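Biologist: I should like to take a close look at one part of this chain, and then to see how the rest is arranged around it. Please begin with the part I name below and continue from there in one connected account.

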Amino acid sequence: MVKQKTIKTAISLTGVGLHTGKEVTMTFKPAPANNGFTFIRVDLEGQPVIEADANYVVNTQRGTNLEKLGVQIQTPEHVLAALTGCDLDNVIIELNSSELPIMDGSSKYFVEAIEKAGVEEQEAKRNVYVVKEVISFTDEATGSEILVMPSDNYCITTMVDFGTKILGTQNATMKCLSEFKQEFSDSRTFSFLHELESLLDNGLIKGGDLNNAIVYVDKEISAATMENLKKAFGKDELTVKPNGILDNLTLHYPNEAARHKLLDVVGDLSLIGTRIQGKVIANKPGHYVNTQFAKKLSKIIKIEQRNFVPTYDLHQEPLMDIHQIMATLPHRPPFLLIDRIIEMSENHVVGMKNVTMNENFFVGHFPEAPVMPGVLIVEAMAQTGGVLVLSTVPDPENYLTYFMKMDNVKFKHKVLPGDTLIFKCDLITPIRRGICHMQANAYANGKLVAEAELMAQIAKKQ
């Protein structure tokens, strides 16, 4: 089981936003399990929180932009790429302006800060979406396409072709996430001269300088344009290198543009909110196609998670029959609410119950329309979890189990006479001092009928 990770201590960086030109201080802080990546605008009243969620993407011109209830986060992709590339799951990012610092146009400085802060493993299991079939998104207007297919790892290939001789056609491949730091985190953003002229004319690139963007000179550069660029960047001299790159910036890699596009894909796809096991292929990727694909995949994952119903062969020999269950649990009829244990590991247990019209609770609940009380479904889930926790002691017959807490209890469908209930309980945290904290689900007729977060403790009989 791969566990979730956060950083050990808080760490801050200060820089300038590429598009706003404003100085910004951002602070990475440890976050609890299942928090994900969240931004907090500490400069605004109430310090609003904006989750790194593809559904909050409102604009992808010159970068990815998030907005929740009118609060904006600009250009988060390089920071998100660093967090994902460092194999983190939960981090709070506080900032005192809307735009994150551009630094050198890559993820390098964010990765270095994360490494200084240190990484800490958390108790909760990492949720990974295993891709089972090809899922794709195509931007018909540009021909950009991104897809994911089944694979044993999370790997990405980007293919870049802007139709210019100066850049040519470039490819980059990350075979696994552990390659991100060494091979991709220092790949800087880039722009073409014709785009730069337009951005400067419209005041859209106030924080840029020649250290945070590779500029490909894709057109004849006039003396007047060169003078404008010198003024804009505060440089006395600018030159065009033989490889077509403006100024004295040296490429880290011949295919740095394709590598940076891959970095952007890592950052934008972190907005899905769930780790992916699959091979991503992106042809002419950009923030629009990346984030649209992230939205599509996020929606598919949520639907699958909501509708997921595990299947078990109920005809197989059970792991525990009713006699073995009664040798473990202190409950007895009519309050023993499970018939079999189908499977069990250190972290989960699956049980079942056949619901018949002979159940005594149907006498009064209700005589004209018998339905199993929801509280008894919760009790049955707790008894299933009780088998798991009592399996950790050598003499379960000497223990009783007591409820401590139940949260997020939901009943989805009625359970009627003739139904077969399947109970699946997964530990949220390891069992400690006899305390069991678990997520419990109950299924019947191919549907989730009830769910709850339960906490119970075992105690020796007096």
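In which loop is F366 found?

Modeller: F366 is found in the loop between β21 and α9. The model is a predicted one, and every value that follows is computed from it. Within that loop, the peptide bond that leads from H365 to F366 is cis, and its omega is near -10°. The strand before the loop, β21, covers residues 348–354, and the helix after it, α9, covers residues 374–390.

E359 belongs to this loop as well, being placed between β21 and α9. Its relative accessible area is 13%, so E359 is buried. Once neighbours within four places in sequence are set aside, the contacts of E359 are with K353 and N354.

A further cis peptide bond runs from P333 to P334, with omega near 10°. P334 is located in another connection, the loop that joins α8 (322–328) to β20 (340–344).

Two residues with unusual backbone angles may be considered next. N34, although not a glycine, has a positive phi of about 70°. The loop that holds N34 connects β3 with β4 (37–41). With a relative accessibility of 58%, N34 counts as exposed. K284 also has a positive phi without being a glycine, here near 55°, and K284 sits in the loop between β19 and α7. Its relative accessible area is 31%, so K284 is partly exposed.

Each of these loops borders a strand for which one residue can be described in detail. In β3, which covers residues 23–30, lies V24. V24 is buried, as its relative accessible area is 1%. Excluding residues within four places in sequence, V24 is in contact with L13, T14, G15, G17, L95, N96, S97, E99, L100 and P101. One of these partners, E99, is 75 residues from V24 in sequence, while the two C-alpha atoms are 7.4 Å apart in space.

In β19, which covers residues 279–283, lies A282. A282 has a relative accessible area of 0% and is therefore buried. A282 touches E145, I146, T157, T158, M159 and V265, when residues up to four places away are not counted. The C-alpha atoms of A282 and V148 are separated by 8.7 Å, although these positions lie 134 residues apart along the chain.

V265, a contact of A282, leads to the packing of α6 with α7, since V265 is among the α6 residues that meet α7. Two packed helices are described by the angle between their axes and the distance between the axes. Here the axes of α6 (residues 256–269) and α7 (residues 287–307) come within 9 Å and cross at roughly 35°, and the crossing is right-handed. From α6, the residues D264, V265, D268 and L269 take part, and they meet H287, N290, T291, F293 and A294 of α7. Sorted by class, this contact has four nonpolar, three polar and two charged residues.

D264 takes part in this helix contact and is also listed in a record. An unreviewed UniProt entry gives H78, H260 and D264 under "binding site". These residues span 187 residues in sequence, yet no two of their C-alpha atoms are more than 9.5 Å apart, so they gather at one spot. Of the listed residues, H78 is included in the lining of the largest cavity.

H78 is placed in helix α1, residues 77–85. Its relative accessibility is 7%, so H78 counts as buried. Apart from residues up to four places away, H78 touches I102, G105, S106, S107, F110, T189, H260, L263 and D264. The other two residues of the UniProt listing, H260 and D264, are thus among the contacts of H78.

D264 is placed in helix α6. At 5% relative accessibility, D264 likewise counts as buried. Leaving aside neighbours within four places in sequence, D264 is in contact with E77, H78, H287 and N290. Of these, H287 and N290 are in α7, while H78 is in α1.

The chain as a whole gives the setting for these details. The chain has nine helices and 25 strands, and its C-alpha trace spans about 95 × 45 × 40 Å along the principal axes. Of its 462 residues, 51% are buried. Among contacts with a separation of 6 or more, 70% are between residues 24 or more positions apart.

Methods:
Residues are numbered from 1 along each chain as its sequence is written. This is a predicted model: local features need pLDDT of at least 70, side-chain atom pairs count only at pLDDT 80 or more; totals for chains, interfaces and linings use all residues. Side-chain values use heavy atoms; hydrogens and water are left out. Axes are lines fitted to C-alpha atoms, for helices over the stretch in contact, and angles run from 0 to 180 degrees between N-to-C directions. Helices (H or I, at least four residues) and strands (E, at least two) are DSSP runs, numbered from the N terminus. A crossing is left-handed if the near helix is turned anticlockwise from the far one by less than a right angle, and right-handed if clockwise. Contact means heavy atoms within 4.5 Å. Ala, Val, Leu, Ile, Met, Phe, Trp, Tyr, Cys and Pro count as nonpolar, Asp, Glu, Lys and Arg as charged, and the others, Gly among them, as polar. UniProt positions are given in the numbering used here, feature names are shortened, and annotations may be inferred rather than shown by experiment. On a 1 Å grid over the protein atoms alone, a cavity is a set of points where a 1.4 Å probe fits but cannot get out, and a pocket is an open set with protein on both sides within 12 Å along at least five of seven lines; lining residues have an atom within 4 Å of a point. Buried means under 20% relative accessible area, exposed over 50%, partly exposed in between (1.4 Å probe, protein chains only).
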